[in-house]
Amino acid sequence: MSRRVVVTGVGVITSNGHGKEEFSKALREGKSGIRFRQEIADLSFACHVGGWIDRDKLMKTAEGYFSEENLLAMNEIMILAGIASIDAWKDAGFQVTDPKDDHVNWDAGCIVGLGLSGMETIAEKVIPRIDEGKVKRLGSTMVEQIMASSVSAKIGGLLALGNQSSSNSSACNTGTEAIIMGYDRIRHGDADRMVVGGAESSSRYVWGAFDAMKVLSSKYNETPEKASRPMSASSAGFVPGSGSGVLLLESLESAQKRGAKIYAEVLGAHLNCGGHRNGGSMTFPNPESVQLAIKEAIRKAGIKPEEIDAINGHLTATMADPVEVNNWVQALGLPADKFPHIQSTKSMIGHCLGAAGSIESAAVMLQLEQGFLHKSINCEDLHEKIQPYAKSVLQETLNKQARIFAKASFGFGDVNGCVIYKKWEG
């Protein structure tokens with residue numbers, strides 16, 4: 001059994017916009033959500049900037065989504081994922097039912113992943129209170145907040161989902177992987193609808209480890225909006241980001257039966273690992289595996305490389321960017337004048353780790369729906385190895401309707417994912 005799968009709902013919350021209208025406007029305008037962060041400067045991080053959602057603003061937003069009782073048992077990453085999931089569910093035309101309603105959506109499930117779960121909860125509450133001998137003061141909700149599946153478990157309850165409910169984790173490939181896993185579940189007939197995506201919090205305990213690796217941008221602390229520079233010759237590392245992106249995937253049959261609005265069809269997708277060979281490692285991708293992931297997604301989609309109108313890349317503002325562009329060139333086998341448009345959403349919001357791929361897929365949905373291609377900011381000085389493809393790099397937003405978009409993510413651990421989306425024309 002192989003069913004067609006479409007996208008019928010989009011939910012997104014990032015540092016430069018919450019919701020479809022605000023986020024798409026920010027994308028069109030090239031609005032950055034990256035700001036100076038005093039809290040990490042005070043902790044002697046080399047990087048003092050972040051594409052993080054302000055905590056006070058997030059909590060105010062959360063009050064419109066969750067009961068006071070629910071919020072007592074939710075940390076930041078659960079809140080972010082919950083908001084995006086509820087938005088996607090409602091955008092697809094479904095209602096959030098009262099918890100007292102016994103109805104369960106047996107044909108709907110969720111796969112919503114994360115890079116790290118509850119790190120701030122563990123560091124700020126669990127460890128200090130246990131070390132102080134105050135175990136009883138932890139309360140009864142700590143396990144809910146720190147278990148690896150906290151995100152999907154909460155979403156399952158909020159939306160009364162009765163199908164698979166899981167949290168995946170594959171570093172920067174998490175959000176894209178979740179979409180592909182949900183796509184496969186529907187395609188094989190195991191579910192009619194899947195809430196899929198990823199979330200990531202702004203925990204200083206997570207980002208401190210990256211700062212120690214010296215992979216974060218520290219040269220633009222005085223000019224935060226210029227700090228994230230994918231494809232640029234003056235890129236200096238990636239910028240911490242937080243947020244969540246969630247799609248509602250549905251079988252075409254189900255979507256058409258209920259007259260749902262359809263954003264796009266998932267034509268094909270592929271996941272793989274480079275095995276830490278041929279230059280691949282825990283922190284760098286095997287070029288052969290990246291190219292294979294792209295080629296296989298295209299093959300499964302049943303299209304030709306020249307049919308791809310645009311690429312939303314992984315493109316993190318590190319030395320890996322020219323390598324990534326070259327991998328696309330090799331995988332597609334197209335000359336420079338035929339190379340698709342290419343963009344980096346991270347230029348505006350930073351790197352949201354486990355949420356990156358799904359936030360970027362949300363960006364793709366809005367571009368397909370509204371007929372535009374968003375620009376990448378801060379890449380006026382293209383890296384010399386990307387210069388031959390300068391005409392393909394979106395340095396200005398275009399009012400142009402793309403038909404087919406390729407979205408890929410490449411994560412620590414040498415793991416890769418690529419999805420091919422086609423604007424719904426039915």
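This is a short talk on the fold, the salt bridges and the cysteines of one protein chain.

Hi everyone, and thanks for coming. Before we start, please keep in mind that the model on the screen is predicted.

Let's begin with the whole chain. It has 15 helices and 13 strands. Its radius of gyration is 20 Å, close to the 22 Å that the globule rule gives for 426 residues, so the chain is as compact as a globular protein of that length. If you follow the C-alpha trace along its principal axes, it spans about 65 × 55 × 40 Å.

How much of the chain is buried? Of the 426 residues, 60% count as buried. The accessible surface comes to about 17,000 Å², and carbon and sulfur atoms own 50% of that. Now think about which residues touch each other. Taking contacts with a separation of 6 or more, 78% are between residues 24 or more positions apart.

Let's zoom in on one helix, H6, which covers residues 119-131. Which of its residues are buried? They are Glu120, Thr121, Ala123 and Val126. The cover over these buried residues includes helix H5 (76-91), helix H7 (142-146) and helix H10 (204-213). Just after H6 you reach glycine 133, which takes a positive phi of about 75°.

Now for the charged side chains. As a reminder, side chains of opposite charge can pair when their charged atoms come close. In this model, the count comes to 21 salt bridges. I'll show you a few.

First up, glutamate 29 pairs with lysine 25, and their closest N and O atoms are 2.7 Å apart. Both sit in helix H1 (residues 20-29), and because they are four residues apart there, about one helical turn separates them. Are these two buried or partly exposed? Glutamate 29 is partly exposed at 45% relative accessibility, and lysine 25 is partly exposed too, with a relative accessible area of 48%.

My next pair is lysine 346 and glutamate 360, again with the closest N and O atoms 2.7 Å apart. Lysine 346 belongs to helix H14 (residues 346-349) and glutamate 360 to helix H15 (residues 356-370), so this salt bridge ties together parts that are 14 residues apart in sequence. Here lysine 346 counts as buried, at 1% relative accessibility, and glutamate 360 counts as buried at 1% as well.

There is also a salt bridge between lysine 134 and glutamate 132, whose closest N and O atoms are 3.6 Å apart. Lysine 134 is partly exposed, at 35% relative accessibility. And salt bridges can join up: Asp107, Arg193, Glu250 and Arg258 are linked in a network of them.

Last topic: the cysteines. How many disulfides does a search of the whole structure find? The result is zero. To see why, remember that two cysteine sulfurs must lie within 2.5 Å to count as a disulfide. For cysteine 110, the closest cysteine sulfur is in cysteine 352, and at 20 Å it is too far for a bond. Cysteine 352 has its own closest cysteine sulfur in cysteine 172, but that one is 11 Å away, which is also too far for a bond. As for their surroundings, cysteine 110 is buried with a relative accessible area of 0%, and cysteine 352 is buried with 1%.

That's my tour. Thanks for listening, and I'm happy to go back to any part of it.

Notes: Residues numbered from 1 in each chain as written. Predicted model: local features only at pLDDT ≥ 70, side-chain atom pairs only at ≥ 80, totals over all residues. Heavy atoms only, no water. Buried < 20%, exposed > 50% of the residue type's maximum accessible area, 1.4 Å probe, protein only. Salt bridge = Lys/Arg side-chain N within 4 Å of Asp/Glu carboxyl O. Helix = DSSP H or I, 4+ residues; strand = E, 2+ residues; numbered from the N terminus. Rg over C-alpha atoms; globule rule 2.2 N^0.38 Å. Contact = heavy atoms within 4.5 Å. Areas by Shrake-Rupley, 256 points an atom, 1.4 Å probe, with all protein chains shown as cover.
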